[in-house]
Amino acid sequence: MGNTSSCGACTSSCCQDCFGKRHRNGIYEPLLQDNERDAIAELLRFLENRNRINFFRGEPLQALTTLAYSDNVDLQRSAALAFAEITEKDVSQVGKETLNPILFLLQSHDVEVQRPASAALANLAVNTENKLLIVKLGGLEQLIRQMGSPNVEVQCNAVGCITNLATHGQDRQVGCP
């Protein structure tokens with residue numbers, strides 16, 4: 001994030017941090033795309049009513065998916081954290097439209113994206129139907145790669161998820177505390 005305290009004086013480097021990249025014509029490009037801004041607003045609205053919202057379908061899932069596939073790593077981090085938090089409370093059966101964005105986030109080079117994405121996948125891997133779909137979508141190969149992460153928590157979540165994939169029964173969730 002940029003240094004917003006000096007934006008009143010608005011030096012050129014500060015404006016770049018606050019407003020985005022400058023084009024040749026001197027106009028600054030916004031940091032967020034319109035669809036990303038809309039997705040953030042929608043997600044905040046859904047999170048206000050999180051106990052009554054199903055985040056695994058419809059508009060809530062679309063908002064999370066938009067953030068997950070964004071080029072903005074901060075939005076990817078937010079999506080991964082939201083998926084991790086949601087799956088802490090709800091491990092119901094999901095479809096590929098839910099798993100694909102999580103698997104995409106798992107491929108990130110950013111550990112702050114990988115860690116919650118691997119936790120979300122570990123949570124979802126408790127459900128038998130999800131286990132099969134995770135493997136079918138190539139999740140096992142990604143988890144094996146995550147076991148080689150330099151981050152211990154990512155490694156732990158990957159091992160926990162693989163354990164959940166291999167374990168029968170709803171009462172055997174494994175992952176980092």
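Begin the tour by selecting Thr98 and Phe56: the backbone oxygen of Phe56 lies 3.3 Å from a polar atom of the Thr98 side chain. The model on the screen is a predicted one, and every distance quoted here is computed from it.

**Stop 1: Thr98 and its surroundings**

Keep Thr98 selected. This residue belongs to helix H5. Is Thr98 buried or exposed? Its relative accessible area is 0%, and a residue counts as buried when that value is under 20%, so Thr98 is buried. Next, display the residues that Thr98 touches, leaving out those up to four places away in sequence: they are Phe56, Leu61 and Phe83. Two of these names, Leu61 and Phe83, will return at later stops.

**Stop 2: the whole chain**

Zoom out and colour the model by secondary structure. The chain contains nine helices and zero strands. Read from the N terminus, the elements therefore run α-α-α-α-α-α-α-α-α. Of the 177 residues of the chain, 40% count as buried. Consider also the contacts between residues with a separation of 6 or more: 55% of them join residues 24 or more positions apart.

**Stop 3: the largest nonpolar core**

Now select Leu64, Phe83, Leu99, Leu105, Leu121, Leu143 and Cys161. These are the residues with the most contacts inside the largest nonpolar core, which has 36 residues in total. Which helices each supply at least two residues of this core? They are H2 (34–48), H3 (58–68), H4 (73–89), H5 (96–106), H6 (111–124), H7 (128–136) and H9 (152–166). Helix H4 gives the most, with seven residues.

Within this group, centre the view on Phe83. Neighbours within four places in sequence aside, Phe83 is in contact with Leu61, Leu64, Thr98, Pro101, Ile102, Leu105 and Ala120. Thr98, the residue of the first stop, is thus seen again from the other side of the contact.

**Stop 4: helix H3 and its cover**

Select H3. This helix is mostly covered, with eight of its 11 residues buried. The buried residues are Pro60, Leu61, Ala63, Leu64, Thr65, Thr66, Leu67 and Ala68. What covers them includes H2, H4 and H5.

Add H5 to the selection and look along the pair. The axes of H3 and H5 come within 10 Å and cross at roughly 20°. Angles under 35 degrees count as roughly parallel, and H3 and H5 are therefore roughly parallel to each other. Their crossing is left-handed. Where the two helices meet, H3 contributes Leu61, Thr65 and Ala68, while H5 contributes Glu97, Thr98, Pro101, Phe104 and Leu105.

**Stop 5: Phe55, ahead of H3**

Move to Phe55, in the loop between H2 and H3. With a relative accessible area of 4%, Phe55 is buried. Which residues does Phe55 touch, not counting those up to four places away in sequence? The answer is Leu43, Phe46, Leu47, Arg50, Pro60, Leu61, Leu64 and Ile86. For a distance across the fold, pick the C-alpha atoms of Phe55 and Thr87: the two residues are 32 apart in sequence, and these atoms are 9.4 Å apart in space.

**Stop 6: helices H4 and H6**

Select H4 together with H6. These helices pack at an angle of about 25°, with their axes 8 Å apart. That angle makes H4 roughly parallel to H6. H4 passes H6 in a left-handed crossing. On the H4 side, the residues that meet H6 are Val73, Gln76, Arg77, Ala80, Leu81, Phe83, Ala84, Thr87 and Glu88. On the H6 side, they are Glu112, Val113, Pro116, Ala117, Ala119, Ala120, Asn123 and Leu124.

**Stop 7: two loop residues**

Select Ser108, in the loop between H5 and H6. At 14% relative accessibility, Ser108 counts as buried. Apart from neighbours within four places in sequence, Ser108 is in contact with Gln76, Val113 and Gln114.

Finish at Gln93, in the loop between H4 and H5. Is Gln93 buried or exposed? With a relative accessible area of 52%, Gln93 is exposed. Gln93 nevertheless has contacts beyond its neighbours within four places in sequence, namely Asn127, Glu129 and Asn130. As a last step, pick the C-alpha atoms of Gln93 and Val126: the residues are 33 apart along the chain, and the atoms are separated by 9.5 Å.

Definitions and conventions: Residues are numbered from 1 along each chain as its sequence is written. This is a predicted model: local features need pLDDT of at least 70, side-chain atom pairs count only at pLDDT 80 or more; totals for chains, interfaces and linings use all residues. Side-chain values use heavy atoms; hydrogens and water are left out. A nonpolar core is a set of buried Ala, Val, Leu, Ile, Met, Phe, Trp, Tyr and Cys residues joined through side-chain atoms within 4.5 Å. Buried means under 20% relative accessible area, exposed over 50%, partly exposed in between (1.4 Å probe, protein chains only). Helices (H or I, at least four residues) and strands (E, at least two) are DSSP runs, numbered from the N terminus. Contact means heavy atoms within 4.5 Å. A polar contact is a pair of N or O atoms within 3.5 Å; within protein, one must be able to donate a hydrogen and the other to accept it, and residues adjacent in sequence count only if both atoms are side-chain atoms. Axes are lines fitted to C-alpha atoms, for helices over the stretch in contact, and angles run from 0 to 180 degrees between N-to-C directions. Angles under 35 degrees count as roughly parallel, over 145 as roughly antiparallel, 65 to 115 as roughly perpendicular and the rest as oblique. A crossing is left-handed if the near helix is turned anticlockwise from the far one by less than a right angle, and right-handed if clockwise.
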